[in-house]
Amino acid sequence: MTAARAANDLDPFWMPFTANRAFKAQPRLLASARDMHYFTPDGRAVLDGTAGLWCVNAGHARKPIVEAIQRQAEVLDYAPTFQLGHPLAFELASRLAMLLPGDLNHVFFAGSGSEAVDSALKIALACQRARGFENRTRLIGRQKGYHGVGFGGISVGGLENNRRGFPTLPGVDHLSHTLNLEEAAFTRGQPTWGLHLADELEALIETHGAETIAAVIVEPMSGSAGVIVPPLGYLERLREITARHGILLIFDEVITGFGRLGALTAAEALGVTPDLMTCAKGLTNGAVPMGAVGVSAAVYQSVVEGAAGPGIEFFHGYTYSGHPLAAAAGLATLDVYESEGLFQRAAELTPYWQDAVHSLKGLPHVIDIRDMGLVAGIELEPRAGAPGARATEAFHRAFDDGILIRVTADVIALSPPLIISRDQIDELIDRLSSIIKTIR
Ligand code: PMP
């Protein structure tokens, strides 16, 4: 302990994914939130163009969700799910199993997206082993993929800043990402260019042998890398190749899940069903941390029902797997999504959104605009010698001007709550347009 500190001292909190010294020299703080807005400590409203961190899909502080969490905290604050259970975890799993596409009808709970990813990778490995394929241990991800920050996640992930300086799992390969500004800049929705990149999987299978490969993991739409939209037919082709070779396909739907693309999942929106699916964020509307893995009946049967004796089949789990408050939040969130038809709303808003974001074409520095569902990526040309500086300047100016945007490198990412109105889309894009016009 150091000397007594003021309650509002910013120094002790080592902030994640933040330039701590710069932030603490000029902090930007959020004090409260409701529906489409955050409010600063001095009461200034900030229009949320990013649903927090891609998670508050139903808007902030929604009453039914708040009340469900409050009620649950009074009834059962915590219960383990190791060899004990409580009703809401089973109820949420059943509800998800009914909603998820195909035969994804089992759910493994975790506490975050990163935990969901590491759980999914381990389930895939356990499944291959249970099926007698001891040598199927290789994992395949993608360049620029983001799968959280666990050691499994950074190994299959492909963002160099997140991997550099850390040990990663052996036996991991990466497919190329599908972003190509020369071929596909300013495409509306899914590009036609890039389908052939799925065939790199065939090449890897030829190199290593299918009998050594456990699973392929991809984000159906990459978010954190700066919004990379899958080429038409690309995910379908990955599905076809993996199925043909006994390789499990994992969709990381931490961002795309719960309505972002106008359906419950990207899998549903695109009609491609993986063997395993991770989700988090929108699962509880961001209100309580929770992640989950949707697991196919076949995978569950291989690991759980195929096990020889009555012992534990899978040595993995978290203290907070199926946490009662998260389960309560998840159930209430699903109710809100359903009663307000928010996924349908997102689908109906998409053309308006697409027109709005593509209206930024022609502004200074803008070298690409990408969109899918209620997501957009606006890529700026890096300032000479200062990559990321333009987008960071835009982020600061936007916040000061009353809109929250997100930036990675020189890409501005937008992913508003699905309750956004057309007027608010106009406001977001008009303000962003003015900001882009004035950045150096
Ligand atoms: N996977 C994807 C696709 C993500 O976008 C994220 C978070 N942005 C994660 C995993 C990690 O989730 P968390 O931050 O909850 O660990």
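**Strand β2 and the seven-stranded sheet**

In this predicted model, His37 is located in strand β2, which spans residues 37-39. With 18 other C-beta atoms within 10 Å, His37 is classed as partly exposed, because this count falls below the 20 or more that define a buried residue and above the 12 or fewer that define an exposed one. When neighbours within four places in sequence are set aside, the contacts of His37 are Ala45, Val46, Leu47 and Asp48. The C-alpha atom of His37 is also separated by 12 Å from that of Ile405, although the two residues are 368 residues apart along the chain.

Elsewhere in the model, seven strands are arranged as an open sheet of mixed pairing, in the order β4-β10-β9-β8-β7-β5-β6. Its edges are formed by β4 (104-110) and β6 (172-175), each of which pairs on one side only, and the twist from one strand to the next averages 20°. Within this sheet, strands β8 (residues 248-252) and β9 (residues 276-279) run parallel and are joined by three bridges; Phe251 has Met277 in β9 as its bridge partner.

Two helices are associated with these strands. Helix α10, comprising residues 234-244, packs on the sheet, where it touches β7 and β8, and its direction makes about 150° with that of β8. Helix α5 (residues 113-130) lies across β4, β5 (138-142), β7 (213-218), β8, β9 and β10 (291-296), and runs at about 25° to β10.

Note on methods. Residues are numbered from 1 along each chain as its sequence is written. This is a predicted model: local features need pLDDT of at least 70, side-chain atom pairs count only at pLDDT 80 or more; totals for chains, interfaces and linings use all residues. Helices (H or I, at least four residues) and strands (E, at least two) are DSSP runs, numbered from the N terminus. Two residues are in contact if their C-beta atoms, placed from the backbone, lie within 7 Å. Two strands pair if DSSP finds at least two bridges between them. Axes are lines fitted to C-alpha atoms, for helices over the stretch in contact, and angles run from 0 to 180 degrees between N-to-C directions.
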